[in-house]
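Colleague: Could you take one part of this model and go through it closely, with the numbers? I'd like one connected account rather than a list.

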Amino acid sequence: MRMGEITPDKVREFVGAWKIYARDTENPLWKKPEELRGIQERNLRHQLELAARFSPYYREVFRREKVDYEKVRSLRDLVRIPVTSKEAYLQNPLAFLLTVDPPQELDVTYEITYTSGTTTGTPAPFFNTAYDMYNISLAMRRMAEICWMTPQDTVLNLFPYGNLPHIGFYRTIHLASSVGMKLVNSLVGRDVPGFPLHRTLEEALELAVEHRATILAGIGRQERRFVLRGKQLGADLSAIRIILSLGETVTEGMREEMRANLPGEASRAFVINGYGFTECQGSFVECCELGGCHNPAPNLYYLEILDPETLRPLPDGELGLLSITHLDRRGTVLLRYVVGDLAAVENGVCPHCGRSGQRLVIRMGSTYAVRAEKVIRVGGKLINPEAVKNQLSGVKGIVEYQLVVEKEDPGNPLSQDVLTLRLSVAGRLRRDLEEEVLTRIREGVGITPRIQYVQSPEIYDPSRILKATRIVDKR
Ligand SMILES: [Zn+2]
């Protein structure tokens with residue numbers, strides 16, 4: 001699905017045509033924005049009450065910071081609650097687990113998943129109760145609806161099967177089962193000694209062919225490898241119609257590359273770049289490529305974008321720190337939790353599909369979110385170095401390149417960042433190449449880097465390292 005190919009009418013027709021979606025009359029995404037807000041605020045008030053009574057962390061914070069949580073009646077009042085840092089959660093994840101007393105039938109702890117890629121390196125447990133699991137399954141079904149999946153699809157789960165329960169692998173199971181799709185778990189990953197369980201990429205390809213998989217779900221980079229290897233082996237992947245790519249940014253170029261290497265009808269596949277994180281126990285997904293990433297469960301999660309300096313909420317569409325507030329959870333509960341990514345959010349009705357709720361929108365290159373510490377500040381603008389990289393792909397004459405970020409005044413951490421692009425060139429006049437590169441970066445990213453010419457081995461010496469380092473951060 002490309003932007004412009006879909007209309008709210010077309011989407012409603014799709015939803016009406018599949019019983020599994022049509023019967024979901026409580027789907028918050030199809031409520032009017034005011035009605036959805038009513039649901040969110042009702043849930044928020046109850047969630048705060050639960051947090052004040054049963055969350056060791058928030059009980060303490062509310063007491064210490066004299067937070068009058070009962071005064072928080074609407075989403076606008078949320079600013080009365082202090083933000084929660086990632087460090088606070090990582091320090092003591094158990095303090096965020098509600099200990100509802102007396103527990104009801106659905107309050108039993110049902111599942112633990114772990115956050116990955118934390119800056120400290122320690123994975124933190126995130127607890128789901130039975131109540132949360134049912135909500136997650138509903139959210140996954142609504143997510144499948146946004147992605148145009150149907151009960152006739154067959155999902156190939158390409159997420160690695162690892163030592164820690166991770167949402168990538170497990171939510172794909174819920175995604176398939178909540179819709180009634182067929183599911184093939186490829187169990188890719190590395191064996192632990194004594195447990196010869198995992199399959200190779202080639203075996204995963206065989207499974208895809210054998211079961212005529214129509215949907216790939218996995219990490220973008222691995223799906224790309226899967227598609228390229230499939231092409232090499234002549235695997236018949238022509239049934240693939242949707243590629244759900246999570247875990248990292250999937251640029252426009254990567255989407256086109258995957259399509260170009262798929263046979264037949266699959267060369268028109270809908271490549272979705274989702275934004276998944278443990279704290280929302282699933283993924284935000286696109287209704288059409290680059291059209292925005294929908295929060296599939298606005299009844300469970302509310303997003304704010306905060307000014308990185310003042311931590312005050314920013315208006316719609318502005319780039320800032322993403323924070324998430326749980327509205328209806330019973331296991332781990334986080335309020336105004338700063339995820340650590342920069343993103344922009346729009347409220348209201350999606351112009352492409354007509355659904356209500358919040359969507360992440362693109363403000364940097366073709367990415368929805370980027371780790372806050374990766375962003376650089378040049379000329380008062382926030383820049384994602386990845387977006388600069390995207391502009392350089394396909395420029396003729398570049399042998400190697402490297403982006404160097406440093407402080408204008410190395411002694412002053414508050415000074416501007418300076419971006420230098422180091423290039424090694426062959427077979428083309430430097431002047432011509434420089435003009436093309438600078439125009440591309442100026443038009444695509446809005447800044448002009450310094451250019452420095454070097455010899456290839458200064459960037460990349462294959463006798464010393466295996467891979468060129470594209471971004472050097474000296475800050
Ligand atoms: Zn939409």
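Modeller: Let's start with L290 in this predicted model: its relative accessibility is 21%, so it counts as partly exposed, given that buried means under 20%. L290 sits in the loop that runs between β9 and β10 (293–294). Its backbone is worth a look too, since phi is near 65 degrees, a positive value in a residue that isn't glycine. R336 also has a positive phi without being a glycine, here about 50 degrees. R336 belongs to the loop between β12 (320–326) and β13. As for burial, R336 counts as buried because its relative accessible area is 3%, and the limit for that class is under 20%.

Next, the metal. The zinc ion has four donor atoms: SG of C287, NE2 of H294, SG of C350 and SG of C353, at 2.1 to 2.3 Å. Along the chain, these donors follow the pattern C-x6-H-x55-C-x2-C. The angles among the four donor atoms run from 97 to 115 degrees, and the site is tetrahedral; the test for that is that all angles lie between 85 and 135 degrees. For two of the cysteines there are accessibility values as well. C350 is at 2% relative accessibility and so counts as buried, while C353 is at 0% and is therefore buried too.

Strand β13 (residues 337–346) is where V345 is placed. V345 is at 5% relative accessibility, so this valine counts as buried. Leaving out residues up to four places away in sequence, V345 touches L303, I305, D316, G317 and L322, and also Q358, R359, L360 and V361. For a sense of distance, V345 and V404 are 59 residues apart along the chain, and their C-alpha atoms are separated by 30 Å.

Now the open space. The second largest pocket has a volume of about 340 Å³. Of its 17 lining residues, Y302, E304, P313, L314 and N347 lie nearest its centre. Strand β11 (residues 301–306) gives the most to this lining, with four residues. By class, the pocket's lining divides into nine nonpolar, three polar and five charged residues.

Closed space comes next, and β9 turns up again there. There are two cavities of 30 Å³ or more. The largest cavity has a volume of about 70 Å³, and the elements giving two or more residues to its lining are α6 (130–146) and β9 (282–286). α6 gives the most, with four residues. Among the residues around this cavity are I136, A139, M140 and M143, along with C280, F284, P296 and Y301. No charged residues line the largest cavity; the split is nine nonpolar and three polar.

The second largest cavity holds about 30 Å³ of space. Its lining includes A208, V209, R212 and A213, as well as D236, L237 and I240. Two charged residues belong to this lining, together with six nonpolar and one polar.

One last backbone detail: D101 and P102 are joined by a cis peptide bond, with omega about 0 degrees. You'll find P102 in the loop between α5 (86–91) and β1 (109–114).

Key
Residues numbered from 1 in each chain as written. Predicted model: local features only at pLDDT ≥ 70, side-chain atom pairs only at ≥ 80, totals over all residues. Heavy atoms only, no water. Donors = N, O, S within 2.8 Å, 3.2 Å for Na, K, Ca; no water. Tetrahedral: all angles 85-135°; square planar, octahedral: opposite > 155°, others 65-115°. Buried < 20%, exposed > 50% of the residue type's maximum accessible area, 1.4 Å probe, protein only. 1 Å grid on protein atoms, 1.4 Å probe; cavity = no way out; pocket = protein on both sides within 12 Å on 5 of 7 lines; lining within 4 Å. Points joined across faces, edges and corners; volume = space filled by probe spheres on them. Nonpolar A, V, L, I, M, F, W, Y, C, P; charged D, E, K, R; others polar. Contact = heavy atoms within 4.5 Å.
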